[in-house]
Amino acid sequence: MTEMSPLRRRKIDDMTIRNLSPATQRSYLHAVTKFSRYFGCSPDRLGLEDVR
């Protein structure tokens with residue numbers, strides 16, 4: 001099992017606090033994963049221009 005990044009852990013904690021369903025959380029995490037793979041780097045290294 002791989003270690004979870006602090007950014008991913010924080011995102012999950014934030015979504016849990018907001019009471020998002022597990023399915024919504026999986027969907028959001030999947031979208032972030034696909035987005036970061038497109039750019040070939042971790043989401044914490046993406047800037048505003050990448051997101052725009």
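## Starting at Q25

A good place to begin is Q25, which sits in helix α2. In this predicted model, Q25 counts as buried, because its relative accessibility is 13% and the cut-off for buried is under 20%. Which residues does Q25 touch, leaving aside those up to four places away in sequence? The contacts are with I12, M15, T16 and L20.

Among these partners, I12, M15 and T16 fall within helix α1, which covers residues 6-17. Q25 is therefore a handy spot from which to look across from one helix to another.

## The chain as a whole

Stepping back, the protein chain contains three helices and zero strands. Read along the sequence, the pattern is α-α-α. The C-alpha trace spans about 30 × 30 × 15 Å along its principal axes. How much of the chain counts as buried? Of its 52 residues, 13% do.

## Helix α1 and the residue after it

Helix α1 has 12 residues, and a simple check of its length works out well. At 1.5 Å a residue it should span 16 Å, and the C-alpha atoms at its ends are indeed 16 Å apart, so the two values agree. The expected span is taken as 1.5 Å times one less than the number of residues.

Just after α1 comes N19, with a positive phi of about 65°. N19 takes this positive phi although it is not a glycine. Where does N19 lie? Its place is in the loop between α1 and α2. Is N19 buried or exposed? N19 is exposed, because its relative accessible area is 67% and exposed means over 50%.

## Aromatic rings in and around helix α2

The structure holds two aromatic pairs. One of them joins F35 and F39, with 5.2 Å from centre to centre and 65° between the planes, an edge-to-face arrangement. Why can these two meet within one helix? F35 and F39 are four residues apart in helix α2 (residues 22-39), so about one helical turn separates them. An α-helix has 3.6 residues a turn, so residues three or four places apart point the same way. F35 is partly exposed, with a relative accessible area of 33%, and F39 is also partly exposed, at 32%.

The other pair is formed by Y38 and F39. This pair is edge-to-face as well, with centres 5.1 Å apart and an angle of 85° between the planes. Y38 counts as exposed, at 67% relative accessibility. Taken together, F35, Y38 and F39 form one aromatic cluster.

## The largest pocket

To finish, have a look at the largest pocket, which has a volume of about 420 Å³. Its lining is made by 17 residues, and the closest to its centre are L7, R8, K11, V32 and P43. Which elements give two or more residues to this lining? They are α1 and α2. Helix α2 gives the most, with six residues.

What classes of residue line the largest pocket? The lining has seven nonpolar, four polar and six charged residues.

How values were computed. Residues numbered from 1 in each chain as written. Predicted model: local features only at pLDDT ≥ 70, side-chain atom pairs only at ≥ 80, totals over all residues. Heavy atoms only, no water. Phe/Tyr/Trp six-rings, centres within 6.5 Å; stacked < 30°, edge-to-face > 60°. Buried < 20%, exposed > 50% of the residue type's maximum accessible area, 1.4 Å probe, protein only. 1 Å grid on protein atoms, 1.4 Å probe; cavity = no way out; pocket = protein on both sides within 12 Å on 5 of 7 lines; lining within 4 Å. Points joined across faces, edges and corners; volume = space filled by probe spheres on them. Nonpolar A, V, L, I, M, F, W, Y, C, P; charged D, E, K, R; others polar. Contact = heavy atoms within 4.5 Å.
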